[in-house]
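These are my notebook entries on one protein structure. I record in order what I looked up.

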Amino acid sequence: MQVRDLMNPIVVSITPEESAALAARLLSRHNLGALPVCGGDGGLRGIVTDRDIVTRCVAAGRDPGRIPVSDIMSQAPETVTPDQETSTAARKMACRQVRRLPVVEEGRVVGMVSLGDLSKCSACDMEAAAALADISQNVRSAR
């Protein structure tokens, strides 16, 4: 199965100049865990997660209304293309210890695929379970 078959093609994104507070509101409003950070050309610049906002902004005592997303985002995130196999997405999630990947085609973000998306597909159950096990194991090891 290809990533295009499972990805969410509706992308809510943010620009690097916007505030961490706006990112938090968008994540909450759309019930998301991550936002791709895109430039004016639609190209991917990074990704910001709810965890990034908490650990790199709030816990650091910084004002989310004054901190641009570019200061707290992860740069050079792992990506997949729509025509890649879902097993490739699962392997990338496990290797990078992430639960979501931007789907990029011709330099633009065209969707997002999550570990949850993979788990909803019976053909991907084993891949998603293995990726989650890898992510969970490494999180426990880091504690």
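The entries below go from the overall fold to strands, salt bridges and surface charge.

**Entry 1. Overall make-up**

I note at the outset that this is a predicted model. I began with the elements and found six helices and five strands in the protein. Reading from the N terminus, I wrote their order as α-β-β-α-α-β-α-β-β-α-α. I then looked up burial: of the 143 residues in the protein, 41% are buried.

**Entry 2. Strand pairing**

I asked in which sense strands E1 and E2 pair. Strand E1 covers residues 34-38 and strand E2 covers residues 44-49, and the two are antiparallel, with five bridges between them. As one example of a partnership, I noted that Val37 has Gly46 in E2 as its bridge partner.

I next examined the hairpin that E1 and E2 form, where five residues lie between the strands. Within this hairpin, Gly42 adopts a positive phi near 85 degrees.

E2 has a further pairing, with strand E3 (residues 74-75). This pairing is also antiparallel, and I recorded two bridges for it. Here Ile47 is found opposite Ser74 in E3.

**Entry 3. Salt bridges**

How many salt bridges are there? The count comes to six. I looked up several of them in detail.

For Arg45 and Asp41, I found that the side chains meet in a salt bridge, at 3.1 Å from N to O. I then checked how far each partner is open to the surroundings. Arg45 is partly exposed because its relative accessible area, 38%, falls between the limits of 20% and 50%. Asp41 is likewise partly exposed, with a value of 47%.

For Arg56 and Asp52, the side chains meet in a salt bridge at 3.6 Å, N to O. Both residues belong to helix H2 (residues 50-58), and they are four residues apart, about one turn of the helix. I asked whether Asp52 is buried or exposed. Asp52 has a relative accessible area of 7%, which is under 20%, so it counts as buried. Arg56, in contrast, is partly exposed at 34%.

For Glu78 and Lys92, I recorded a salt bridge whose closest N and O atoms are 3.4 Å apart. Glu78 lies in the loop between E3 and helix H4 (86-96), whereas Lys92 lies in helix H4, so the pair ties together parts that are 14 residues apart in sequence. Glu78 is partly exposed, with a relative accessible area of 23%. I also noted that Glu78 and Lys92 are linked with Arg96 in a network of salt bridges.

**Entry 4. A contact between distant residues**

I looked up Gln2, which lies in the segment before helix H1 (20-29). Gln2 is 80 residues from Pro82 in sequence, yet the C-alpha atoms of the two are 6.7 Å apart in space. The relative accessibility of Gln2 is 28%, so this residue counts as partly exposed.

**Entry 5. Surface charge**

Which residues gather in a patch of negative charge on the surface? I listed Asp5, Asp83, Glu85, Glu105 and Glu106. I followed one of them, Glu105, to its element: Glu105 lies in strand E4 (residues 100-105). With a relative accessible area of 38%, Glu105 is partly exposed. A patch takes in residues with over 30% relative accessible area, so Glu105 meets this limit.

Definitions and conventions: Residues are numbered from 1 along each chain as its sequence is written. This is a predicted model: local features need pLDDT of at least 70, side-chain atom pairs count only at pLDDT 80 or more; totals for chains, interfaces and linings use all residues. Side-chain values use heavy atoms; hydrogens and water are left out. Patches are made of residues with over 30% relative accessible area and no salt bridge: like charges are joined within 9 Å, nonpolar side chains (Val, Leu, Ile, Met, Phe, Trp, Tyr) within 5 Å. Accessible areas come from the Shrake-Rupley method with a 1.4 Å probe; for residues, only the protein chains shown count as cover. A salt bridge is a side-chain nitrogen of Lys or Arg within 4 Å of a carboxyl oxygen of Asp or Glu. Lys and Arg count as positive and Asp and Glu as negative; His and the chain ends are not counted. The place of a charge is taken as NZ of Lys, CZ of Arg, CG of Asp or CD of Glu. Buried means under 20% relative accessible area, exposed over 50%, partly exposed in between (1.4 Å probe, protein chains only). Two strands pair if DSSP finds at least two bridges between them.
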